[in-house]
Amino acid sequence: MSNVSIKPLADRVLVQPAAAEEKTASGLYIPDTAKEKPQKGTVVAVGNGKKDEPLTVKVGDTVLYGKYSGTELSVEGKDFLIMRESDIFAIL
């Protein structure tokens, strides 16, 4: 887990994406130009939720999210996504 000085507001969640797959299941290496964006990550920070809707995810959860969900940002050399909780499909 990483310690980040970012505190999301309301129903937003800060996610650290998982690393992209390096090899296929059959053992072939995937070149950088053909790698897919990961759709799985770890929750690093959460907001307080909305007034009548508390958040269901918590720090440390592994989540699945949409391919184009969230806004990418880089802090201290690490890549993160900040997104609304509604962009998260499932907790693993």
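Strands here are DSSP runs of E at least two residues long, and helices are runs of H or I at least four residues long, both numbered from the N terminus. By that count, the protein has zero helices and six strands. Keep in mind as you click around that this is a predicted model.

**Whole chain**

Start with everything shown as a cartoon. From the N terminus on, you'll pass β-β-β-β-β-β. Switch to the C-alpha trace and you have something spanning about 50 × 30 × 20 Å along its principal axes. Of the 92 residues, 28% are buried. Turn on a surface and you're looking at about 6300 Å² exposed by the protein, with carbon and sulfur atoms supplying 51% of it. As for contacts with a separation of 6 or more, 63% come from residues 24 or more positions apart.

**Strand pairs**

Now select β5, residues 78-84, and add β1, residues 12-17. The two pair in the antiparallel sense over four bridges. Which residue stands opposite Arg12? Pick Arg84 in β5.

Keep β5 on screen and bring in β4, residues 71-75. This pair is also antiparallel, with five bridges. Click Leu73 and then look across to β5, where Phe80 is its bridge partner.

β4 and β5 form a hairpin, with two residues between them. Zoom in on the turn and select Glu76. Its phi is positive, about 55°, although Glu76 is not a glycine. Is Glu76 buried or exposed? With a relative accessible area of 64%, Glu76 lies over the 50% cut-off, so it counts as exposed.

**A second positive phi**

Hop to Ala10, in the segment before β1. Here is another non-glycine residue with a positive phi, this time about 50°. Ala10 has a relative accessible area of 32%, which makes it partly exposed.

**The inside**

Time to hide the surface and show side chains. Select Val13, Val15, Val43, Val46, Leu55, Val57, Val63, Tyr65, Leu81, Met83 and Ile88: these eleven residues make up the largest nonpolar core. Color by strand and you'll see that β1, β2 (40-46), β3 (62-65) and β5 each supply at least two residues of this core.

What does Ile88 touch? Leaving aside residues up to four places away in sequence, Ile88 touches Val13, Val57, Val63, Leu64, Tyr65 and Met83.

There is a second, separate core of five residues too. For that one, select Leu14, Val44, Ala45 and Val75, which are among its members.

**Back out to the surface**

Last stop: Leu64, which you've just met as a contact of Ile88. Leu64 lies in strand β3. It has 30% relative accessibility, so Leu64 counts as partly exposed.

Add Phe89 and Leu92 to the selection and put the surface back on. Together with Leu64 they form a nonpolar patch on the surface, with about 330 Å² of accessible area between the three. Leave Ile88 displayed while you look, and you can follow Leu64 from the surface patch to its contact with a member of the largest nonpolar core.

Methods
Residues numbered from 1 in each chain as written. Predicted model: local features only at pLDDT ≥ 70, side-chain atom pairs only at ≥ 80, totals over all residues. Heavy atoms only, no water. Core = buried A, V, L, I, M, F, W, Y, C linked by side-chain atoms within 4.5 Å. Buried < 20%, exposed > 50% of the residue type's maximum accessible area, 1.4 Å probe, protein only. Contact = heavy atoms within 4.5 Å. Patch = residues over 30% accessible without salt bridge, like charges linked within 9 Å, V, L, I, M, F, W, Y side chains within 5 Å. Areas by Shrake-Rupley, 256 points an atom, 1.4 Å probe, with all protein chains shown as cover. Salt bridge = Lys/Arg side-chain N within 4 Å of Asp/Glu carboxyl O. Pairing = 2+ DSSP bridges.
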